[in-house]
Amino acid sequence: MIDDLFAPWNRDDGPGCAVAIYRDGAIATARTFGMANLEHSIPITTSTVFHIASISKMFTAYAIALLARENVLALDDDLRTYIPELLTGPVTIRQIIHHTSGMRDQWDLLRLAGWRTADLKTSADILRLACRQLELNFTRGTRFQYINTGYTLLGIAIERLTGKSLRAFCDERIFSPLAMHDTQFHDDANRIVPRRAQAYARGNGGTPRIDMPAYETVGPTSLLSTVDDFARWENHLLTADPKWIDFLTTSGTLADGRPTHYGFGCILGEYRGLPVIEHAGGDGGYRAHYLRIPFERFAVAIFGNVSDLKPGVLAREIADRVLAGRFPIAETDHTLPAWAGRGAGIGSPDPADLMAKSGNYRDLLSGMTCRIEPRGGRLFMLADTGGEYELAPAGPDRFRFLIVDAECIWADGKLRVLYGGNEQALLERVDGVAPKLAPLDDYPGAYDSDELDVRYVIHRDGEQLVLTRAKFEPGALHPVARDEFTSIADGVQLRFERGNDGAVNGMILNAERVWNVRFTRASDRGEETFSSPPPS
């Protein structure tokens, strides 16, 4: 019934995934495709253990809810009650759970502070970096922004409150009682995990290459599990006290009462007229999605070990097939076009319309830039951070992201990016506007950030400014406006500041989920450069 959907991964010389369809809290169908380990020719089975990345948040939030139910903590407690070394506050546990905390995201912070992808990250590393932050992305409670940092801090708070690691607490209170014996928070990178899948990404020519996340960071990620174990979790969610499950799956709210469409570690939405509860995960080469339609007592889990898998799209396709005739909204009125790999759809977009939407855009909220680009009758968003997202037509001037539950809407000369109905970005076109540039010699020098504990150096190379920093290759800076540049290689936007004398004395850095980090120009304005990464 579903094998054709997974044909590209159904091979004995490449990675793939495990898929389970649950009805009434039990496995109705389970299929496996591809290999768990290419070096040892081990196939994927339903008991193969996968890193399921951000689906971990569902269990960290559940652990917090257990402690709240037992009055060990209160959701409106200031997190600094348990982590007093945090400098930005107050921030409530509830705000962190529902992603309204305004915190800067740990992964961007680490990258900007000089951590490479392969460097081992621990919860203690995140704590130290989080405690250096002096400012927020936005005023707490005023908007939704998906942030990992808070969930790491929740894991630390649980350990301080209970005297047990998040791994031990969840095993004792959640996994062992539910007989989820292959599920664990992986907080020790050297721990041997039987039947664990290796993760892969596609290299040049499509050849798989190992792509394992280097984490001992638990809370927002690092949960290991199997599609077999998730049958027990799904059964628990269907059979536990309905009031308890309703509490866990009720949306948070912003200060003005608007819903966040995010509950306790779960995304709350709708698909073809039916409420859905879901979460996605992706770290390194691992990809995962857990989609629930409780009204139909239906769920699907897809856990994979290759970065080109799109489990969220595939989970909806499985729902279309298994629940055919059960949706209030017909498939052809709702799903994506055939070229996107999803049903009959609404037809191909007008090439002229795609060209009209193409160009360079800047987010008025964060300052980050991106490019909208048509390719072969399809539309893509290319972010400065290196992300590439396909956009599928969903109506006039409306497009949906293929791999996340978000959409783009063109209106009033602006491009709005919405997630769960909440505005995540408001972009304006910057094509055709020649930036009024100051002399390039205004900018070269060294810039220091106390919050990141890092030095960036700007130097001039002919008619180009270049950003250099330790352990990373130099990145060219592209002008956007006066005193404002972007670096696609580094995934940052820089806005230089001037003193009363008109001289540049600092800069403000923005990244996708880290905003307004202040750098001060070093008094010596040294031309120190980091021309190439040092030996490992």
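Accessible area here is the area found by the Shrake-Rupley method with a 1.4 Å probe, and by that method the chain in this predicted model exposes about 21700 Å², of which carbon and sulfur atoms supply 49%.

**View 1. The whole chain, with its 11 helices and 31 strands.** The radius of gyration of the chain is 24 Å, close to the 24 Å that the globule rule gives for 536 residues, and the chain is therefore as compact as a globular protein of that length. Along its principal axes, the C-alpha trace spans about 70 × 60 × 55 Å, and 54% of the 536 residues count as buried. Among the contacts with a separation of 6 or more, 60% are made by residues that stand 24 or more positions apart. The chain carries 58 positive and 71 negative charges, and the mean positions of these two sets are 1 Å apart.

**View 2. The largest nonpolar core, seen around Phe59.** This core holds 90 residues, and the members that touch the most other members are Phe59, Leu79, Phe230, Trp233 and Tyr290. Helix H1, which covers residues 57-69, gives the most to this core, with 10 residues. Leaving aside residues up to four places away in sequence, Phe59 touches Cys170, Ile174, Phe175, Met180, Phe185, Leu223, Phe230 and Trp233.

**View 3. Another core, apart from the largest one.** This core has 30 residues, and Val454, Leu465, Ala511 and Val514 are among them.

**View 4. The peptide bond from Gly89 to Pro90.** Most peptide bonds are trans, but the bond from Gly89 to Pro90 is cis, with omega near 0°. Pro90 lies in the loop that runs between H1 and helix H2 (93-97).

**View 5. Ser222, a residue with a positive phi.** Most residues other than glycine have a negative phi, whereas the phi of Ser222 is near 75°. Ser222 is found in the loop between strand S10 (215-216) and strand S11 (223-225). Because buried means under 20% relative accessible area, Ser222 counts as buried, with a value of 2%.

**View 6. Asp483, a residue other than glycine with a positive phi.** The phi of Asp483 is near 65°, and the residue has its place in the loop between strand S27 (472-481) and strand S28 (484-487). With a relative accessibility of 9%, Asp483 counts as buried.

Note on methods. Residues are numbered from 1 along each chain as its sequence is written. This is a predicted model: local features need pLDDT of at least 70, side-chain atom pairs count only at pLDDT 80 or more; totals for chains, interfaces and linings use all residues. Side-chain values use heavy atoms; hydrogens and water are left out. Helices (H or I, at least four residues) and strands (E, at least two) are DSSP runs, numbered from the N terminus. The radius of gyration is taken over C-alpha atoms; the globule rule is 2.2 Å times the number of residues to the power 0.38. Buried means under 20% relative accessible area, exposed over 50%, partly exposed in between (1.4 Å probe, protein chains only). Contact means heavy atoms within 4.5 Å. Lys and Arg count as positive and Asp and Glu as negative; His and the chain ends are not counted. The place of a charge is taken as NZ of Lys, CZ of Arg, CG of Asp or CD of Glu. A nonpolar core is a set of buried Ala, Val, Leu, Ile, Met, Phe, Trp, Tyr and Cys residues joined through side-chain atoms within 4.5 Å.
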